[in-house]
Amino acid sequence: MSGERTAVLEVGGLNWATSKSIVENTLSARPGVLDVDANPVAQTATVTYDPEATSIAALTEWVQDCGYHCAGQSVPAHVCVPAHEHGDHEHDAMGHGGSHAGMSMDGMVRDMRNRFFVAAILSIPILLWSPIGRDVFGFTAAAPFGLRDDVFSLLLSIPVIFYSAWIFFDGAFRALRARTLDMMVLVAVGVGTGWLYSLFTTLTGGGEVFYEAATVLTAFVLLGHWFEMRARGGANDAIRALLELAPPVALVIRDGEPVETPTSEVQVGDLLLIRPGAKIPVDGSVEDGRSEVDESMVTGESLPVDKTAGSQVIGASINTTGTLRVRATKVGSDTALAQIVALVQEAQNSRAPGQRLADRAAFWLVLVALLGGLGTFLVWLLVGDSPQMALLFAITVVVITCPDALGLATPTAIMVGTGLGAKRGVLFKNATALETSARIDTVVMDKTGTLTKGEPEVTDVLVDGLGEDEMLTLAAAVERESEHPLAGAVVRHSVERGLAPRLAADFRNVPGHGASAEVDGHRVIVGTRKLMTDEQVELGALTAKRDELADAGRTAVLVAVDGRVVGVIAMADAARDTAARAVSTLHDAGINVVMLSGDNRATAERIASQLGIDSVIAEVLPQDKSAKITELQAAGKRVAMVGDGVNDAPALAQADLGIAIGAGTDVAIETADVVLMRSDPLDVALALRIGKGTVRKMRQNLGWAIGYNLIALPIAAGVFEPSLGLVLRPEIAALSMSGSSLIVAVNALLLKRLKLPQQVEV
């Protein structure tokens, strides 16, 4: 649908991985909503909708109906706002029934901790005055106040059930209202069934009760989830670090004096004073001063960049040496930093293709757990066991099969992977790009601007009958009057040699062929063989050398002085300093490297042989680049295309993975799946390595989550009890289930230790 829009809503309280289905099911059933993806790790819901059929206001109302809150503005609890319209994440208002709605992640972690401590402290005496305490631990003290053991345990369990465990019952109610099943339902069924059965037994005269199972189960689930939420919080370190880069205040020059102004109030056109050591608040253009600016925290570029009048500066970069006066050009959400944050958030909020299968599996696993619990109860009754033992097995099955780990497996790894890339200047636009990067076996690199610097450099200087410095000085005097890129290369080379400049007179440009001028009484001509012939210049022996250099892929010009050729200057587009290492690193990863170029084959082959590239596709017209990508794909290759120009955009879109060099054009960056902020080809291997590492963690987590349930379910059901005497109590099941979710979260965080290709200072 051409008119569809996407909003990212920041939903507070999605504290269980499987609870995402509550928001998704509720919104998906509403008119105008085309797609919903709730992310419990990022605490967001990405909604694609038809603006003609619904609105942001309606979406926020519907999320309110789910009982969730969107942090961000001073609004009533349960009002949801687009995440990109706010920045404050700290809210402490409680939501429905003591749930985590309206809390920040830190607040939810603290609340989970407090609930755990209440459950844990009260579970100790309940456990001591239970049959386990009496029979296993040999505890003999009578219950206080002359109460029966079960009555005393009932009284102690009430705060656990109605405070610590209430989030389970509240969450289960919301899930059932949304016609879905999640982990809250399972825990609520396990805790509630055990406690209600025990309450009925106590009120009808006493008997075997499960207060200790209900309270210890609650404590262990809360303990595991407390640690898991702390681990999950670490997955979003990259976003927090980026948000903290921008300085809170700026020095705005008003009436000639610097005035401290909140960065959020800086307007386009304001003149800012940037002192040495200060952060630059917003994007801008230098009007006065000279300094070196450290942009590494934004672009990943390791060396400070020299800035003078007219230079562009990036907000959040650090001014190191001199004082600058900067005119603000982009503020707020238009700054480079804000766009980077938005790009990383978009990637973290996106859903990987494999996650959709995991989400469906999690729903059915909850249903299997409930039916399995009921089936276990009935089977043990049929084989003649006591209702108490049958109920114990049933509760254990329900609790141990909670699929929270399955829901966490993919989004946690995605958040860590995209954050890891952002810290190194590699921006993945979505989770699909991460998955695709792990499968790439062929990288196609555009030559100019990607593998090469995009500007010619002098490579060879030959002379005949004149000193080399003298010839270069005369040639540079003529070329200094020209605007041609080749002329600029000659001038730069002369300056680098430390040669004193000379003045030229009577300059004449011959488009496409060269130029001539009078220099210190000499007639100097710099250009092609045709220009020399037209000017009736004696060609001499150097002409053959010029042809040899041209055949080797270089651009060579002749230099004539007073009617005779006295020199040849050869130039070529030089390779980037890290290009050879980039190709070598890709080869080490088993990836084939192809160079794509519109240049003649000799020039392309020269660069390719210099860098160790496997194959060359040369003399390709811009409009034919995407067709060459298609040919490689037709041969069974999974292709990543790396480019930086407008003419690369169709090829970037055609490739399985489009990678844009950050210094390239906006259209190339818009078309690509991955953006390299440093404009360094070495970061191509870095991006692919992060993708492979992330996908490996996703597979490990999914494998663990599925394997755990396959093993745990029959044990919990008591299948091995008759032969091996292997019995799991609900408390141990809760600890095992919570530990499984914690393992998944911690395993994803281990991705931060991924061994990456070393970025180099250039």
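In the predicted model, valine 443 has valine 593 of strand β21 as its bridge partner. This pair belongs to the contact between strand β14, which spans residues 442-446, and β21, where 5 bridges join the two strands in a parallel arrangement. Strand β21 itself covers residues 592-596 and is mostly covered, with 4 of its 5 residues buried.

Strand β21 also pairs with strand β22 (residues 615-617), again in the parallel sense, through 3 bridges. Within this pairing, leucine 596 is matched with isoleucine 617 of β22. Between β21 and β22 the chain passes through helix α22, formed by residues 601-611, and the resulting β-α-β crossover is right-handed. Strand β21 is thus described by its parallel pairing with β14 and by its parallel pairing with β22.

An antiparallel arrangement is found around strand β7 (residues 283-288). This strand pairs with strand β12, residues 324-330, over 5 bridges in the antiparallel sense. In that pairing, the bridge partner of serine 285 is arginine 327 of β12. Strand β7 pairs in addition with strand β10 (residues 312-313), where 2 bridges are present and the sense is likewise antiparallel. Here glycine 284 is matched with valine 313 of β10.

Attention now turns to charged side chains. The search of the whole structure identified 17 salt bridges. One of them joins aspartate 111 to arginine 115, with 2.7 Å between the closest N and O atoms. Both residues are located in helix α3 (residues 105-128), at a separation of 4 residues, or about one turn of the helix. Aspartate 111 has a relative accessible area of 8% and is therefore buried, because the limit for a buried residue is under 20%. Arginine 115, at 3% relative accessibility, also counts as buried.

A salt bridge is also formed by arginine 497 and glutamate 468, whose closest N and O atoms are 2.7 Å apart. Arginine 497 lies in the loop between α18 (485-496) and β16 (504-510), whereas glutamate 468 belongs to helix α17 (residues 468-479), so the salt bridge ties together parts that are 29 residues apart in sequence. Arginine 497 is partly exposed, at 34% relative accessibility. Glutamate 468 is partly exposed as well, with a relative accessible area of 30%. These two residues are part of a network of salt bridges that links Glu468, Asp469 and Arg497.

A further salt bridge brings together the side chains of glutamate 535 and arginine 508, with an N to O distance of 2.4 Å. This pair links distant parts of the chain, as glutamate 535 is in the loop between α19 (529-534) and α20 (542-551) while arginine 508 is in strand β16, 27 residues apart. Glutamate 535 has a relative accessible area of 28% and is partly exposed. Arginine 508 counts as partly exposed too, at 38% relative accessibility. Both values fall in the partly exposed class because that class lies between the limits of 20% and 50%.

Conventions
Residues numbered from 1 in each chain as written. Predicted model: local features only at pLDDT ≥ 70, side-chain atom pairs only at ≥ 80, totals over all residues. Heavy atoms only, no water. Buried < 20%, exposed > 50% of the residue type's maximum accessible area, 1.4 Å probe, protein only. Pairing = 2+ DSSP bridges. Right-handed = clockwise from strand over helix to strand, strands pointing away. Salt bridge = Lys/Arg side-chain N within 4 Å of Asp/Glu carboxyl O.
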